[in-house]
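Here are some exercises to work through with the model open on your screen. Try each one yourself before reading the solution.

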Amino acid sequence: MDKIVVEGGARLSGKIPISGAKNAALPLLAAALLPSGTSTFKNVPQLADVRTMAKLLRMLGWDVEGDSALTIAAPTGKKKPKLEAPYELVKTMRASVLVLGPLVARYGRARVSLPGGCAIGARPIDQHLKGLEAMGAKVTLDHGYVDVEAKRLRGATIVLDMPTVTGCENIMMAAALAKGRTVIENAAREPEVEELALVLNKMGAKIQGAGTAIITIEGVDELAPIEHAIIPDRIEAGTFAVAAAMTKGDVLLEGARPEHMDAIIAKLRAMGATVSAEAGGLRVKGGDIKPADITTQPHPGFPTDMQAQFMVLACLAKGQSVIKEMIFENRYMHVPELGRMGADIQVSGRVAVIRGGQKLTGANVMATDLRASASLVLAGLVAGGKTEVLRVYHLDRGYEAIEKKLKGVGAKIKRAKDA
Ligand code: EPZ
């Protein structure tokens, strides 16, 4: 297994290229199951999760070739698609559940292993299934798998209990080929949901309202393959923005889209950073770090995927910050590891109180989930001495060559083999 070794103290300065968005790439690869023919995606991030999704599409019978430019060709002639996503793959990446909607919509059936929980929470898929049932699908659960069948899905009005991102994406993809109109109420408003709707419409779907709480989909009979470049990753950009703010650096996040990052930018400014849209990206300069209170919310609120990173920034502020994690029930696993580096953080339920101003010292720390591991690398950038972040396979799921990108702006960081 690899580890990341960081020497604290560098002030980051220069340019970091932002990769394609992981949470856009995953639903878009699943959407490529809908049309016949060959779709091409550009600006595909080189991430473990994207490789896992590509592997799943191959297992289903699609030809997937390339890396940063990916072609996805539907099976033709005698080659019939498989309609099952097996446990051994789904357990490594819950976003595999995104193949459910496209397969049922196009082939009338799919069998997908239930993703089960993950480190940050139970993360059920009841809303995904509720939506498909509302469209006439028969859903049965057995032996840890969900079987979904429908001769032809029909449009329905679906009110989500919460604005689930992949739930909304699954239902949108299914509704694209259903008969009639589907209305999703309390829909997720993330930029990645908008991106999926844009690509589905390029395929010939008729979707309106993506990015708002009400999405309307007029079903069509078939969709056509497309070519598309994936939007930049707002969470990767936000992570490096925090790194610049923490090290009192001056970094240009090349390709970042400020309009996807309003809540992140507002909080960076509230905590003392200077943030400006510049040269086709976002420029972040660190200043005196101030404490702030943060509550994670569905988009356009403050993203849960940035909570761990901002907790580290709060550790450096003079004063107390309060963080409330309202999306996932167990997303504070970075706290004990930060504590071992000298942070003073008290967690009670969904609330974390950070008493900033402690001196962080380097330590050997354990990554537990994707964004927690990113926060440990960030802490290592400012901690005195050396920090070794173990189990960086978590990090590689969502960050493309993070050590190269940080080294490119002056960080003393390298990847090494863990004994
Ligand atoms: C997406 O996960 C993202 N992943 C997550 O990013 C992100 O943290 C999350 O949205 C919230 O923004 C992808 O897009 C691939 P949800 P998703 O369904 O869709 C509950 C990262 O670090 N819920 O919006 O799985 C659920 O338990 C990852 O890149 C149900 O109860 O999240 C959670 O508490 C982590 N029933 C809340 O809703 C359901 O059927 C939000 O989950 C679905 C969700």
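Before we start on strands, one definition: two strands pair if DSSP finds at least two bridges between them. Keep in mind, too, that this is a predicted model.

**Exercise 1. Get a feel for the whole chain: work out how its radius of gyration compares with that of a compact globule.**

Step 1. Start with the inventory. The secondary structure comes to 14 helices and 24 strands.

Step 2. Now the dimensions. Along the principal axes, the C-alpha atoms fill a box of roughly 60 × 45 × 40 Å.

Step 3. Compare with the rule. For 419 residues, a compact globule would have a radius of gyration near 22 Å, and the chain has 21 Å, so the two agree.

Step 4. Look at the inside and the outside. Buried residues make up 58% of the 419 residues. The accessible surface comes to about 16,000 Å², with 51% of that belonging to carbon and sulfur atoms.

Step 5. Check how the chain folds back on itself. Take the contacts between residues at least 6 apart in sequence: 74% of them join residues at least 24 apart.

**Exercise 2. Find the strand order of the four-stranded open sheet, then trace bridge partners across it.**

Step 1. Read off the order: β2-β15-β17-β16, with mixed pairing. The edges are β2 (13–17) and β16 (274–278), each of which pairs on one side only. On average, neighbouring strands here are turned by 20 degrees against each other, direction ignored.

Step 2. Take β15 and its partner β17. Strand β15 (residues 250–254) runs antiparallel to β17 (residues 281–285), and five bridges join them. Aspartate 250 has lysine 285 in β17 as its bridge partner, while leucine 253 is matched with leucine 282 in β17.

Step 3. Go over to β2. This strand pairs with β15 in the parallel sense, over five bridges. Here lysine 15 has leucine 252 in β15 as its bridge partner.

Step 4. Ask what covers the sheet. Helix α8 (residues 234–246) lies across β2, β15 and β17, and runs at about 170 degrees to β15.

Step 5. Put burial on top of that. Four of the five residues of β15 are buried, so the strand is largely enclosed by the rest of the structure.

**Exercise 3. Decide whether lysine 22 is buried or exposed, and list what it touches.**

Step 1. Locate the residue: lysine 22 sits in helix α1 (residues 22–31).

Step 2. Apply the cut-off. Buried means under 20% relative accessible area. Lysine 22 has 9% relative accessibility, so it counts as buried.

Step 3. List the contacts. Leaving out residues up to four places away in sequence, lysine 22 touches Pro45, Leu47, Asp49, Asp233, Leu370, Arg371, Arg397 and Gly398.

**Exercise 4. Classify the aromatic pairs in the structure, and look at the helix that one of them involves.**

Step 1. Count them: a search of the whole structure finds two aromatic pairs.

Step 2. Classify the pair of tryptophan 62 and tyrosine 107. Their ring centres are 6.1 Å apart and their planes are at 80 degrees, so this pair is edge-to-face.

Step 3. Place both residues. Tryptophan 62 is in the loop between α2 (48–60) and β4 (63–66), and tyrosine 107 is in helix α4 (residues 100–107), so the pair ties together parts that are 45 residues apart in sequence. Tryptophan 62 is buried, at 1% relative accessible area; tyrosine 107 is partly exposed, at 28%.

Step 4. Do the other pair. Phenylalanine 302 and phenylalanine 310 have ring centres 5.0 Å apart and planes at 90 degrees, so this pair is edge-to-face. Both phenylalanine 302 and phenylalanine 310 are buried.

Step 5. Return to α4. Six of its eight residues are buried, so this helix is largely enclosed by the rest of the structure. The buried ones are Leu100, Gly101, Pro102, Leu103, Val104 and Ala105. They pack against α1, α2, β7 (109–113), α5 (126–134), β9 (145–149) and α6 (165–176). Just after α4, glycine 108 takes a positive phi of about 80 degrees.

**Exercise 5. Find out which residues proline 300 contacts.**

Step 1. Proline 300 lies in the loop between β18 (294–295) and α10 (307–315).

Step 2. With a relative accessible area of 45%, proline 300 is partly exposed.

Step 3. Setting aside neighbours within four places in sequence, proline 300 is in contact with Arg189 and Ala263.

Methods: Residues numbered from 1 in each chain as written. Predicted model: local features only at pLDDT ≥ 70, side-chain atom pairs only at ≥ 80, totals over all residues. Heavy atoms only, no water. Helix = DSSP H or I, 4+ residues; strand = E, 2+ residues; numbered from the N terminus. Axes fitted to C-alpha atoms, helices over the stretch in contact; angles between N-to-C directions. Contact = heavy atoms within 4.5 Å. Buried < 20%, exposed > 50% of the residue type's maximum accessible area, 1.4 Å probe, protein only. Phe/Tyr/Trp six-rings, centres within 6.5 Å; stacked < 30°, edge-to-face > 60°. Rg over C-alpha atoms; globule rule 2.2 N^0.38 Å. Areas by Shrake-Rupley, 256 points an atom, 1.4 Å probe, with all protein chains shown as cover.
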